Each structure stands twice: as C-alpha cells, then as structure tokens.
Amino acid sequence: MTQLLFEDDQESGRVLSYELLRALKWLEITARQAMDYLSSGTLSNEQKQKRDDTMAWLEAENHHLILQEDNDYPEDLKEINVAPAFLYLEGNRDVLTHSKIGIVGARKCTRYGRDVTFQFAKKLSDYGVCVVSGGAMGIDTAAHQGALESQKTPTIVVAGTGLLHRYPNRNLPLFEQVLKQGGAIISEYPLTTSPRPHLFPPRNRIISGLSMGILVAEASIKSGSLISASYAVQQNREVFALPGRLSDPQSEGCHQLLRQGATLVRSVEDILDECSPIRLVTSSASRRESNKACEILEAKKEHTPALVIPSLKPLSDKVSDEARLVAALLEKEAEAMDFDMLIRQTSLNAGVMMQVLMELELLGCIDNREGLYSRC
C-alpha cells in the first residue's frame, strides 16, 4: 500500500496531498495523519492498531485490497477525476470484470418506482449485465433485489462506509445474500469508517465510474441521485431516466434529467441499445466469444416480454378508517415497516394496530414477512 502513498513524483506524474485526501472526503484528522506518516514514516499507537486490524481483515477469505496498479482494478474507474487510490472489497473480485449498469434513486420511493426498478434490474442481470448500486433503502434495495432474483449475474454494492460498518442495518440480510450469490461489497473508505452523511455523495462517482451508464429510477429535484447523474455526465457515461407520474414529487428529478437530454427508457432494451454490444460481456471474453454473446443478446431482446407491474389489491369499502390509514401509509412509503414504526407513523395505539394488521392480512392487502409489513 505504501507504494500508493507518495508526494510529487516527476517520473510518475502523480501526487498525493492533504488537499487530495480532503477532496476524497477523508476526515481532516485522518488526512493529516496520513500526510504525517508520509513525512515521518512513523505511526501512533492508534494508527498501528488500525493497521493491524486491517491486516487481520485482509487475511480472511474473500477480503481484498485492490490497488490501482492491480490488474483487477477496473480500467473505467481509472479514467474518472479523483479515482479511488484503492478499493476494499469483500466478496468475489471477479465481478469487477463484468459489464455494469448503475441504478440509483430515491430512498423513499413509490411502489411503482420500486417495482419497475426490480424488474429492470432482474432483466439486466438476465442479460449478463452486473447491477451496481449503493445498498441504501428504496430504489437501491429494489435494484439489488431484482439482480438477486435473476440469479444470473452477481451485483455490486458500493458502500458509503467502511466495510466493518455495513449500512443501513435493515439491509444486513440483503448484503449477506449479495455475497452468497457471488457479488461484492466495495468501499474506498477505511474499514472502521462509520456512517456520516457527507461520505455518501462522493461514493456516487464510483457507482457511475464503474458503469457504462446510470439509470435514475426515481428522484426528487433535490435528490442525491442527481449527483450520480452529474458524475456520469462528467465521466462521459450514459444517463438514463424513467418517466413517472406528473403528480409524483419523486419523479420531478427524472423529468428534469429528460429535459436536459437524458435517454428516456421504457424497457431494458432502451438501455442496451445505447451501449456497445461488445461491452455487454466480461472483459476476459475473446472476440469470437463477444460476437457469440452479442448474437445471443439480440435473440433474447426479440423475445423479451414487456414489464408487468403488479397492481395493489383494492381495499373493500367496509374496511375500518384505521386500516385504510395504515394501508395508505404502506403504499406511500413503498417499503416494509415493522410494528413499532407503524405505530410511530400513525399514532395508533398497540391494541388498535394489532387489530388493523390482522384485518388487512385477512383481506390479503398486506404481506407480513418476519414482522415487516408491506402493501400488496
């Protein structure tokens, strides 16, 4: 690693400075400690402990530190401004060789946005395209879940924390499934970095930098997903946007992107048509294998059914007002909620909430999966 930690080098033309580390969103104290080490070559006791913990982590199976000099470091990522000096990776490092599409969007998405994202991700995975997203709630979660449902191509989570602090906690089972199915979780941050709001926007440049293009599934005008789209434009990547209902604030960002020239997508084929077919295979494929893969891809596209968005079961006119309130909340939030969260959001007492959930379950209007309720 120390080969990467250098001052101005006339031969290599590469510079590591305090300002560069801060641009990478390193904490001020961490950046200063790194520069102090470069000048003195000594570590404090705390720094030695972190070094030892990192070395111990790297000894575990499927734990990797990928440097820019390594063959596994993605070439596309090297091309971006302020490319990560290195990547911590847990899982299958070979997944970095796949052709990739990034999918980003609102954390508080609509059910429509979640369902469409799930199906787009599943179909991309069916085609052999790796879905890259940030592991957050909402659209990110739907993207990873769709790729996992396909079971054809692994998915990549780009974390905004150190890999010893997986975030959010509610997605811990999802992260385990990503690893189990041959995917990877990657981060540029030190292993022990805990969640901090300012760390998440910079990781978006990695999502777009790894990918042939970015699909913005749902986004408000002030959404962080538009940061990903901005990075994609700067990196000469394709930007795709899903149109939504004019009345949905979560679609305003996508509509703005479309006015600015993003590609409107109605199907996965709209994405694939904008990307070079030769790039829709792993980088290790030969020219003959690439041509064969393209023929298979074109054949698949001709027989791909349209997206099918499941409709919600309508509520009976006889349901209670409380049940209607809970159902409307679950539909609006478009994510599973537990018993305590439902109480906090509706202000209903526990006894009434138990009756409401039983009422909705008997009607088949909600789904209960291990204590997490969602509209269906």
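**Reading sheets, salt bridges and cores in a predicted fold**

Author: Let's start with Arg266, which is exposed, its relative accessible area being 64%. Keep in mind as we go that this is a predicted model.

Reader: Which residue does the side chain of Arg266 meet in a salt bridge?

Author: The general idea is that side chains of opposite charge can pair when their charged atoms come close. Here, Arg266 forms a salt bridge with Asp270, at 3.2 Å from N to O. Asp270 has 13% relative accessibility, so it counts as buried, the cut-off being under 20%. Arg266, by contrast, is exposed.

Reader: How many salt bridges does the structure hold?

Author: There are 8. Among them is the one between Glu90 and Arg166, with an N to O distance of 2.8 Å. Glu90 sits in strand E2 (residues 86-91), while Arg166 is in the loop between strand E5 (156-158) and helix H7 (172-180), so this pair ties together parts that lie 76 residues apart in sequence.

Reader: Is Arg166 buried or exposed?

Author: Arg166 is buried, at 19% relative accessible area. Glu90 counts as buried as well, with 13% relative accessibility.

Reader: With which residue of helix H7 does Arg166 tie parts together?

Author: With Glu176: the two side chains meet in a salt bridge at 2.5 Å, N to O. Arg166 comes from the loop between E5 and H7 and Glu176 from helix H7, so this link joins parts 10 residues apart in sequence. Glu176 is partly exposed, at 43% relative accessibility. Put the pieces together and you get a salt-bridge network linking Glu90, Arg166 and Glu176.

Reader: OK, on to the sheet. In what order do the 9 strands form it?

Author: A general point to carry along: in a regular strand the side chains alternate between the two faces of the sheet. In this model, the order is E1-E2-E6-E5-E4-E3-E7-E8-E9, the sheet is open and its pairing is mixed. Strand E1 (63-67) and E9 are at the edges with a single partner strand each, so one side of each has no neighbour in the sheet.

Reader: How many bridges join strand E7 to strand E8?

Author: Strand E7 (residues 213-216) and strand E8 (residues 238-241) run parallel and are joined by 4 bridges. Between E7 and E8 the chain passes through helix H9 (residues 225-234), giving a right-handed β-α-β crossover. Another right-handed β-α-β unit follows, built from E8, helix H10 (residues 252-259) and E9. E8 pairs with strand E9 (residues 263-264) in the parallel sense, over 2 bridges. In that pairing, Phe240 has Thr263 of E9 as its bridge partner.

Reader: Which strand joins E7 through 4 bridges, running parallel?

Author: That's strand E3 (residues 100-104). Val104 has Val216 in E7 as its bridge partner. Val216 also stands opposite Ala241 in E8.

Reader: So Val216 keeps turning up. Which residues is Val216 in contact with, leaving aside its neighbours within four places in sequence?

Author: The list is Val104, Ser225, Ala229, Phe240, Ala241, Leu242, Cys254 and Leu257. Val216 also belongs to the largest nonpolar core, which has 30 residues, and is one of the four that touch the most other members, alongside Ile156, Val158 and Ile186. Another core, of 23 residues, lies apart from that one and includes Cys109, Phe120, Leu124 and Val131.

Reader: Phe120 and Leu124 look helical to me. How many of the residues of H5 are buried?

Author: 12 of its 16, so H5 is mostly covered. Phe120 and Leu124 are among those buried residues, as are Arg111, Asp115 and Lys123.

Reader: How far apart are the end C-alpha atoms of helix H5?

Author: The rule is a rise of 1.5 Å a residue, which gives H5 (residues 111-126) an expected span of 22 Å; its end C-alpha atoms are 23 Å apart, which agrees. After H5 comes Gly128, with a positive phi near 90 degrees.

Reader: And zooming out, how many helices and strands does the protein chain have?

Author: 15 helices and 12 strands. Of the chain's 376 residues, 48% are buried. Take the contacts between residues at least 6 apart in sequence, and 69% of them join residues at least 24 apart.

Terms used: Residues are numbered from 1 along each chain as its sequence is written. This is a predicted model: local features need pLDDT of at least 70, side-chain atom pairs count only at pLDDT 80 or more; totals for chains, interfaces and linings use all residues. Side-chain values use heavy atoms; hydrogens and water are left out. Two strands pair if DSSP finds at least two bridges between them. A crossover is right-handed if, with the strands pointing away from the viewer, the path from the first strand over the helix to the second runs clockwise. A salt bridge is a side-chain nitrogen of Lys or Arg within 4 Å of a carboxyl oxygen of Asp or Glu. Buried means under 20% relative accessible area, exposed over 50%, partly exposed in between (1.4 Å probe, protein chains only). The expected span of a helix is 1.5 Å times one less than its number of residues. A nonpolar core is a set of buried Ala, Val, Leu, Ile, Met, Phe, Trp, Tyr and Cys residues joined through side-chain atoms within 4.5 Å. Contact means heavy atoms within 4.5 Å.
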